[in-house]
Amino acid sequence: MSDKLRLRFSKTGRAVYISHLDLMQTMQRAFSRAGCALKYSEGFNPHPLISIALPLSVGAASLCELMDFRLREEAELSELPARLTAALPEGVEVLEAYEAERKCAEIKWLEIEGRFEYDNCDPAAMAEKLREFFAQDSIVITKKTKRGMGESDIRPAIRSIGFEPTADAVSLKALISAQEPTLNPELLAESLRQLRPELAPDFAKFIRVETFDKDMNLFR
Amino acid sequence: MDKRLERILPRVQKPARYTGGEYNQIIKDKSKVELRVAFCFPDTYEIGMSNLGMSILYHTMNSLDYVWCERVFAPWGDMYEEMKKAGIPLYALESGDSTAEFDALAFSIGYEMAYTTVLDMLDMSGLPLRTADRPSLLPIVMAGGTAAVNAEPMAPFIDLFLVGEGEELDNEVLALLRIAKREGWTKHEFLTRAAQIGGVYVPSLYDIAYHEDGTVASITPKDGAPARVTKRIVEDLDASPFPTKPIVPSTEVVHDRVSLELFRGCVRGCRFCQAGYVYRPIRAKKPETLVRQGIETLKNTGYQDVTLLSLSTSDYRPLPALCDGLLEYCEPRSIGLSLPSLRADNFSMEIMEKLQKVRKSGLTFAVEGGSQRLRDAINKNVTEEDLLNTCRIAFEGGWNSVKLYYMLGLPTETDDDVRGIAEMANQVLHCWRMYAKNKNRGVKITISTSCFIPKPHSPFQWEAQVSVEEYLRRVNLLRSSITAKNVTYNWHDAETSLIEAVLSRGDRRVADAIELVWRRGGRLDAWSDYFSVERWMQAFADTGVDPNFYALRERPVDEVLPWDMIDVGVRKAHLVKEREKCYSSELSPDCRHQCAACGAARLLKEIRCDE
């Protein structure tokens, strides 16, 4: 058995406010509570060998988080999800544990869903306007980069995007670039705030649904 | 989750502290409990979740099946603003329900600077601040914690205070509240009945009369309330409930580790130390209990660190056995063990050396006074020789930074004592030059001073605090006496200490000033981000509260003190005797060498003090 293992887990409900760094700490403690000792790095300041792919923004939910880890001793992988879930805070649920075959660097596309809330408008009319806006060939916004503020076209990072009205909001489904470049879904709402403020939602929230590679095969 | 909350949370710093949902939180079916208790900590989540007392009482209250006790903390400024804007009232973390719907708000008040936050949390719950303006039984507002040893400044706001340790007391009060709720008692009926429970202080059942000069003339209980309320304690700590499944925060808090309490009380009797008197008598846990509870808690939390709590860790007799027991479990699992509150003696250093995982960065000593004469006067039994011996071992062992803590303004302090602080720092520096193994890394000696606050129920309770000007004069004297480059000097500002002195030594009339500070925006006053001296001084002026009357005035020993209705066990005669010994620089032996019959032992029925 390879010692490179991977967890797939969801982060929903109250747990969406746990930051990436705090989640690493929480995971580490959960392994310990579940009685599975994580393997530590060697050296002066040993730390557990865990890494969570594609850090999730605070407030965003996910059904497809991936975490790589190594164990000090072999464990029955099929039992791990139940054991870990029981040791995790409300809202974090381990779905699967398996040997990692591919590198997380191969993740290219993320399927996301979102909800744009408007306090005063007709969802159907708004959905139509949103479709038009995102149908443009380029959507250039100003955003913070490593070298201060810079211009960036987010359109190439959106493979597909669709909007549907619901009773009290507009729902969104999209495939966006997970890395190189990384598109923070929050920028979908931000682009409206910058370029078409009248279309900008009063509140937006997102959930990651699935991970894909560059050929749109499911990534595990 | 509340839709309004969902919109706010992404905008505030560290939103995880406002959501609940942590591992080991206690969720009950609210339709199946009879009492809902909002356990309010008047400070931030990070501070409150680090508080062992809060963790213990959360679990003891929840051990009653008819009670659901939930946690409530004060939101930081950004969240506070957002909640106000969105019209969201204060809510409990477990259920998200507004605290106004609860049957009881129970505050844990550990320090005076939290008073304005208590008022703020009442207001955020939609409740009137004053007990007189809350005529109905529910929600009842109670408070406990160290601040309850002088509850007077908060007396108009709190329905009942629970004095002393809450493990048994809290549940007795809740049992009575359950009956009161079932039978539809009036608030007055409940409070007069509650006042019969040992340890319960109901301020509205005491009339306070004042002399013309502003001092208290008399304290008169009514409706059968006891003349003196005796603090409650737990006798057998081994049998007392200890939460081995504490809540594990999902975000970083101040003390993010397993805390084990070795013993309560202190054998030392330092005359300035309130804690050393109000937590007596001495009751220790067995090392077997601590090892078992420590291991259980580690397993249930996944924490990587354990810390041992007490007022003076080196005075725990079975400390070596306890360390061995814990290390046997901790070492192979890379779990760290830390021991704060060690004394500057050789025994402590031996223990430190045993702990492989202790980082050799800094040592901290609370020296308190700058000369042997002054240390004898305050009964701080640390000699210069002890300190230098310990430093020598530390420097030889590779430590290279020492922090020395002092108080300025202690009774009998002279300018020579102040200069003595700088002299001692020089001695420590000399010691490093003589004994440090590796001098290339240099040495850092830090002196910190704070302004002494004479606290209720300590032998110095009658003493005057030095004025802000006098404190600063002594600070400057010390500054000019420090010549060595490797010695850094930090001093706490004196104004905070003055206000703390007024709040800790005040009577009921101080309440008006506290309320006015809150009305003018004061909350989270323990944080320099929010604290404003000017706001406090202005509120004192506007409410006719003279801070000097409370803080700077030496009180005659026969004056009625505002907190005289509270009995913490130690007799006043003992405090008087200790104070007299201060003036003759006479040491008192620690409790183990000779019991001074301070009076605290009379609180014990089943065991003897320090057995």
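How many residues does each chain, A and B, bring to the contact between them? Before counting, keep in mind that this is a predicted model. Chain B puts in 20 residues, and chain A puts in 21 residues. Sort the chain B side by class and you get 8 nonpolar, 9 polar and 3 charged residues touching chain A.

Now let's step inside chain A. Two domains show up here: domain 1 covers 5–101, and domain 2 covers 107–212. Taken over C-alpha atoms, their centres sit 29 Å apart. The two domains also touch each other, with 11 residues from domain 1 of chain A and 13 residues from domain 2 of chain A making the contact. On the domain 1 side, the residues facing that contact break down into 8 nonpolar and 3 polar, with no charged residues.

Over in chain B, there's a helix pair to look at. Two packed helices are described by the angle between their axes and the distance between the axes. For helix α14 (residues 415–435) of chain B and helix α15 (residues 468–481) of chain B, the axes come within 8 Å and cross at roughly 40°. That angle is why α14(B) and α15(B) count as oblique to each other, and their crossing is right-handed.

Which residues make this contact? From α14(B) come B:Asp415, B:Val418, B:Arg419, B:Ile421 and B:Ala422, while α15(B) supplies B:Arg474, B:Leu477, B:Leu478 and B:Ser481. By class, the residues where α14(B) meets α15(B) split into 5 nonpolar, 1 polar and 3 charged.

Methods
Residues are numbered from 1 along each chain as its sequence is written. Chains are lettered from A and ligands numbered from 1 in the order in which they are written. This is a predicted model: local features need pLDDT of at least 70, side-chain atom pairs count only at pLDDT 80 or more; totals for chains, interfaces and linings use all residues. Two residues are in contact if their C-beta atoms, placed from the backbone, lie within 7 Å. Ala, Val, Leu, Ile, Met, Phe, Trp, Tyr, Cys and Pro count as nonpolar, Asp, Glu, Lys and Arg as charged, and the others, Gly among them, as polar. Domain bounds come from an automatic or database domain assignment. Axes are lines fitted to C-alpha atoms, for helices over the stretch in contact, and angles run from 0 to 180 degrees between N-to-C directions. Helices (H or I, at least four residues) and strands (E, at least two) are DSSP runs, numbered from the N terminus. Angles under 35 degrees count as roughly parallel, over 145 as roughly antiparallel, 65 to 115 as roughly perpendicular and the rest as oblique. A crossing is left-handed if the near helix is turned anticlockwise from the far one by less than a right angle, and right-handed if clockwise.
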